[in-house]
Amino acid sequence: MNEPRNTASPETELLHDSFGASPMGIAVETMEGQPLFVNPALCSMLGFSKEEMRSKHCVDFSPSEDAEKDWSLFQRLRAGSIDNYQLEKRYFRGDGSLMWGRLRVSLLGGQATPRVLAMVEDITEEKRAQESEIGQRHALQQSEERLRLAQQAARIGTFESNLRTGATTWTPELEAIYGFAPGTFGGRHADFLNMIHPDDRAGIPGFIDLSIKSGEPSTAEWRIVRPDGAVRWITARWQVFRDESGEPLRMIGVNMDITERKLSEQALAEIPRKLIEAQEQERARIGRELHDDINQRLALLSMEIEQLKDRPGKTKSLVKELRERIGEISTDVQALAHDLHPSRLEYLGAVAGMKSWMKDFGLRQKLDLDFTTDVRSELPPAIGISLFRVLQEALQNTVKHSGGGRIEVQLREESDALHLVVKDSGKGFDVDAVSQGKGLGLTSMRERVRLVNGTITIRSTPERGTCIRVRVPLGVKEDSPRPAG
């Protein structure tokens, strides 16, 4: 209204008297949405003067998406389809900031000209609190989802037991560890005990009773037998919580599937024993060769030399023959010594030493060997000796088990790594069966490759031969163990 206070109409006087002192923002508008009266509370709330407020249309205070909704309701009010409405919307303040308001709009009755009453309550802080709560709930949901995914990846599940009722709740992750479909665990302590391996079951009640008495965090490991018969290793951590009177109330804990770790530990524990057995087998082999071959040949040679005095006419020809046989024995002793300690690797380098050894090995065993290489770098001793031992083991296994055939050996240098490939066209063998058996050759090869940070794959097909592939990164870490020769 533009008229001065002292010439105001009775209607305006009533508005001033009724709404002027209200703490809630109030405006009286025409049916077209033009403000006629605004009280001080609304001016303060929005940060505009009375003159600025009366010069604007009602939709000018709101963002377009809010104003569109408000104006649609306003049109229905004008059409008489509704006589009031309420909504929460945003308002622009005079400084350009936004506030949240709860708007109630209704028709003013008893007026000569229809008027609209708009009442606004500032709910900005309420909205911020709601948004904060929603944000916290969303963050909690995301955190729970990340925890669930982490538990699935790490094979961790949680449980909670009511020590008074005996009811136990498992998360889906824990049910999966024990081989249950989600929601199918019975929830009873007996159901859990029935899953424990018979050899471990007797100790479980004692673990639980001790934790109830002490109230301290507890840990234990046991095996379970899943419904499909699979045996898995579990490590558990749990704690008992008490009520205000000190009585045990509930137990909360986690289980983790550690089967792979246990299998790795068992495999590592077997390696020293297997290597010792391998050394003993190698000593036995050397002893047999020295006794059954070299020693017998030397004894025979000694007897023939003794007989020279009885055959003076043939001394010259026999001496030549004996000299040749002595040379053969010397060559075989040298080859045996080279198998034990490859001195040619030290003098010729790894690549040339391997090539030289293969040539001698092929001649002794009457094998068709093909060796190709493009390596020009000088190999570190640890890598050279490891690859040499793998090559030795591979070729000796071929002689023992493959039944002969052509053997191809490739030694390549590419992508900052060495690649050794040994292929034969022999009978082949069952890799899994040999790995699980008492044979130590594959274990020895794998361990030597592991010590130089490499990888090895062995593929064999019956009647189609065997292929061994080794990859070793160039450059062994300083703290890496160095394999013995």
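Which residue follows H13, and what is the sign of its phi? Lys 366 follows H13, and its phi is positive, near 55°. The model shown in these views is predicted.

**Figure 1. The protein chain as a whole.** The protein chain contains 16 helices and 15 strands. Of its 485 residues, 38% are buried. Among contacts with a separation of 6 or more, 52% join residues that lie 24 or more positions apart. The exposed area of the protein chain is about 28300 Å², of which carbon and sulfur atoms supply 53%.

**Figure 2. An open sheet of 5 strands with mixed pairing.** The strand order is E11-E12-E13-E15-E14. Strand E11 (369-373) and strand E14 (455-461) lie at the edges, and each pairs on one side only. From one strand to the next, the twist averages 10°. E11 pairs with strand E12 (residues 407-414) in the parallel sense, over 5 bridges. Within this pair, Leu 369 has Ile 407 of E12 as its bridge partner.

**Figure 3. Helices H13 and H16 on the open sheet.** Helix H13 (residues 350-365) packs on the sheet and touches E11 and E12. The direction of H13 makes about 170° with that of E11. Helix H16 (residues 441-451) also packs on the sheet, where it touches E14 and strand E15 (465-473). The direction of H16 makes about 150° with that of E14.

**Figure 4. Close-up of helix H13.** The end C-alpha atoms of H13 are 22 Å apart; this agrees with the expected span, because 16 residues at 1.5 Å a residue should cover 22 Å. The buried residues of H13 are Ala 350, Val 351, Gly 353, Met 354, Ser 356, Trp 357, Met 358, Phe 361 and Gly 362. An α-helix has 3.6 residues a turn, so residues three or four places apart point the same way. Just after the helix comes Lys 366, with its positive phi.

**Figure 5. The hairpin of E8 and E9.** Strand E8 (residues 218-225) and strand E9 (residues 231-242) pair in the antiparallel sense over 8 bridges. Ser 218 has Trp 238 of E9 as its bridge partner. There are 5 residues between the strands, and Gly 229 in this hairpin takes a positive phi near 90°.

**Figure 6. The hairpin of E9 and E10.** E9 also pairs with strand E10 (residues 248-257), in the antiparallel sense and over 9 bridges. The bridge partner of Arg 237 in E10 is Val 254. The hairpin has 5 residues between its strands, and Gly 246 in the turn has a positive phi of about 90°.

Note on methods. Residues numbered from 1 in each chain as written. Predicted model: local features only at pLDDT ≥ 70, side-chain atom pairs only at ≥ 80, totals over all residues. Heavy atoms only, no water. Pairing = 2+ DSSP bridges. Helix = DSSP H or I, 4+ residues; strand = E, 2+ residues; numbered from the N terminus. Axes fitted to C-alpha atoms, helices over the stretch in contact; angles between N-to-C directions. Contact = heavy atoms within 4.5 Å. Expected span 1.5 Å × (residues − 1). Buried < 20%, exposed > 50% of the residue type's maximum accessible area, 1.4 Å probe, protein only. Areas by Shrake-Rupley, 256 points an atom, 1.4 Å probe, with all protein chains shown as cover.
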